Every structure is written in C-alpha cells, then in structure tokens.
Amino acid sequence: MDRTEQGHRGGARQDRGPVRYGPPALDPGLPVLPRLAGRLAAAAHDLHPEPPGGGPELRGAACGYFARRGLRGGPALIAAAPGAQPLLLALMAAHGGDVLMPRPCPATWMPQSRLLGRPFYHVPTPAECGGVPDPYALLETVRRVRAEGGRPRLLVLSVADDPTATVAPPELVREACEAAVGEGLHIVSDETWRDTVHRSRDTVLIGPGDLCPDDVTVLTDLAGSLTPAAWPVAVARFPDTDRAAARHARTLDVLTALGALVAVPVARAATEALGEPEDVVARVRRSALLQGTLASAAHRAVLGAGALARPPQAGRHLYADLGPLRTRLATRGVTDSMELEEYLGRRLGAPAPGGHRFGDELGALRVRLGTAPLSGATPEEQEAALTAAEPLELPHVAAALSMFASAFDELR
C-alpha cells in the first residue's frame, strides 16, 4: 500500500487504497474482432500452456511486430507473459537494483517494485508531457540516490503515456535517454499505447529503442490496442547483446517460478493480432481516431468547467487537474484525490482513479478519466460509433458526453 494510503484518516474505507482495489484496465469500448475470437475459440480445447516466454509462433509474430517499428531481431530476443504486470516484475527482478520512474506513472508499475522489495524513486516530468522524466531532474535524482547509498539501475518510462495520455516530443526522449545511459541505467520502455496515437500524421513518436537500442528493453501490453484486456498477454523485446541475453534468461526463470505462462488460446489470438492483418490494422486506426474524437470532447468539457488537463494525444483517457475547483469541491467534502476518486466515480458511474494511484501527491486533485465508455454501452452502439463519420452526433454518444460534462458543470 502507498504511504499516502497508509496514513490516511482512520475512518477511510478499506477499499480505497489496497492494490486489489486499484484502477481496472482501460476498457477499449469496442466489440472483439471476429477474426481474433475465432482464433481463440479454435484453440479452446488445447489444455497445455505456452512454454515460459512464449512458443515459437507467438515470439515469431512479436518479432514481426517489432520489426515493422524499426526494432529487428530474432525470436531469441522476445519474451511473452500473461499481461504486463508479471512481465515487468520479471524484468525488474532480472536487472536488480533500484528503479526510477516518472511522476505520475501507470498504477501497475509501483506494486511490482514493492513486491520485489526494491526501492523506487519518482522523477518529475516536464510541463508539456508525462511519461518521460525531465533529464536534469533525472540526473539530480540518480546522484542523490547514490549519495544516500542507493543503487539506481533501471529507468521505466512511456513515450505514449498512461495516465497523462500525452506523447513525449523526440528531443525530450533523446535527452532523457542520453542522461539515463550516461549514468549506467538500463531503460524499460513501456510502449503499450504506441499504436493508439490519435492523429499519427500530426504526432511524431520516437521510442528509446530507436535512439539507444543496446540499452533499451521494449515492453508492450497487447490490451493497449490489439486484444481485449480479458485475454492477458504482453511481449518484451530485448537488445541484441550478450548482457541482454543473460537478462532474458533470468526473466524466463522468474516467469517460470511465477507460473506466468500464456494460455494457448490467448497465444493463438495474440499471434494473429501481432501479425497485423488488414482488418486488425483497420480496427486499430479507426479506434484511435474515435478515441481521439471522444477524448477531445471530454477535454473540452473539463476545461469548460475551469479544470486543467493536457490535450490528450493517445490512449483512451485524459488526466485532469481539478485544483482550480478546490473550493467548490471542498463544499462537497472532496479535499484529496481519494475523495475525488469516490466523488467522480459516483457522478460518472464509471471508475475515475485519483492521482494517488499513479504516484501523485494525495493532496493534488488529479484524476484519470476513461473515455472509451462514451462510445456506447452495447456492442451495437460501440460499432455504430466506430463506423460513424461524425460519432459525436450519434444520440447515445451525445447523451454520454452530456452526462460526463454535467459532472463538471456543477463545479463551475
């Protein structure tokens, strides 16, 4: 449990802090593609799991996926696991040492370090984006940790970020990577949301693996854009070096010890998705455009109420700062992000995890708002939103946005 959660008022509900009540995975808000459902169903009678790190077909498909993004290499560089959390846990265990991560960061990162008993340190991000630490703050943090007897070894970052929904500019990524590598840190780049960039023609995304390939392990959870969250599978691509080969072997050892093996039906569907056939690619593109439209509308509603939020560029969410509305919120008994999470969760009828889940200060009134539910409540409504030329004009989308905006309008 986070220190901010441990020290909260004695009367606080027990279910507002523990990891098991943490924020759910962001719902894609779309029906499953028939192609992927068919592949999973066809393998439903296979009772044996994939070997540790994934079988040859899954790892081969992951190689092709990464190669199309400029990261070439054979299946020996790949490891797969049933979700990003066990894979990140195994990576942290394989590398050893203390962990650095930006503030805020995905809610799933901190528990992995805690489970290993590893100290972790948050590094501030620049004003324009989240996910990638400010280079000068990173250097200062590394030197301070070493001066206090720590052993910083690993930097985890995300260029396309959860929770802030921003995409870090290439120059910042380059400077942060140079600072990290110069201090002897290995980088784990979580690129789960890479394929969800809303306007790919207007947004330049450069990953750390493009800049310093020998010092970066790339991790992606397929639930970001390719498969449903209920089919857990994530893949990592290691550098092509002798040191990385040893870490790859240790990662497989940890996955084996955890029993973190991908179910064969899920592996078959993931293999199909990683191959990126035409209908999968079309779905990913249409989904990104739809989520961009919904997120922009939600962003306008939040700003219209007087709150703050960076313009969302990727993912199915935005990260809002309701600090300017603190006085109005206080009249409703909301004075910290735990109470904000509960208040907005009731008003929106959907999870609205507070900033404390992502490493932000408890007193900061920040919240991650999912936008996928705005696309519809049924597969038919979701499909209509996905294919509509003007999704905001659909009655069910307009009604959902109106309800969303009303939760903030009363705080004007």
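Visitor: Contact means heavy atoms within 4.5 Å, right? Which residues of α13 and α15 meet by that rule?

Guide: From α13, Tyr343, Leu344, Arg347 and Leu348 meet Met403, Phe404, Ser406, Ala407 and Phe408 of α15. Helices here are DSSP runs (H or I, at least four residues), as are strands (E, at least two), numbered from the N terminus. This is a predicted model, where local features need pLDDT of at least 70 and side-chain atom pairs count only at pLDDT 80 or more, while totals for chains, interfaces and linings use all residues. Residues are numbered from 1 along each chain as its sequence is written, and side-chain values use heavy atoms, with hydrogens and water left out.

Visitor: At what angle do the axes of α13 and α15 cross?

Guide: Roughly 140°, and the axes of α13 (residues 337-348) and α15 (residues 395-409) come within 9 Å. The crossing is right-handed (the near helix is turned clockwise from the far one by less than a right angle). The pair is therefore oblique (not under 35 degrees, over 145 or 65 to 115).

Visitor: Switching to α6, what should its residues span?

Guide: Helix α6 has 13 residues, 135-147, so at 1.5 Å a residue it should span 18 Å, and its end C-alpha atoms agree, being 18 Å apart. The expected span is 1.5 Å times one less than the number of residues.

Visitor: What caps the N-terminal end of α6?

Guide: Asp134 does, with a side-chain oxygen 3.1 Å from the backbone nitrogen of Tyr136. Just past the helix, Gly149 has a positive phi of about 95°.

Visitor: Which residues in α6 are buried?

Guide: Pro135, Ala137, Leu138, Leu139, Thr141, Val142 and Val145; buried means under 20% relative accessible area (1.4 Å probe, protein chains only). Their cover includes strands β2 (98-103), β3 (120-124) and β4 (152-157), plus helix α7 (170-182).

Visitor: And Asp321, buried or exposed?

Guide: Buried, since its relative accessible area is 19%. Asp321 sits in strand β9 (residues 317-321), and its side chain reaches the backbone nitrogen of Gly323 at 2.9 Å. Not counting residues up to four places away in sequence, Asp321 touches Ala307, Leu308, Leu365 and Arg366.

Visitor: Last one: where is Leu222?

Guide: In the loop between β6 (216-221) and β7 (234-237). At 2% relative accessibility, Leu222 counts as buried. Its contacts, leaving out residues up to four places away in sequence, are Thr227, Val233, Ala234, Val235, Ala270 and Leu274. Gly83 is 139 residues from Leu222 along the chain, yet their C-alpha atoms are separated by 8.2 Å.

Conventions:
Buried means under 20% relative accessible area, exposed over 50%, partly exposed in between (1.4 Å probe, protein chains only). Contact means heavy atoms within 4.5 Å. A polar contact is a pair of N or O atoms within 3.5 Å; within protein, one must be able to donate a hydrogen and the other to accept it, and residues adjacent in sequence count only if both atoms are side-chain atoms. Axes are lines fitted to C-alpha atoms, for helices over the stretch in contact, and angles run from 0 to 180 degrees between N-to-C directions.
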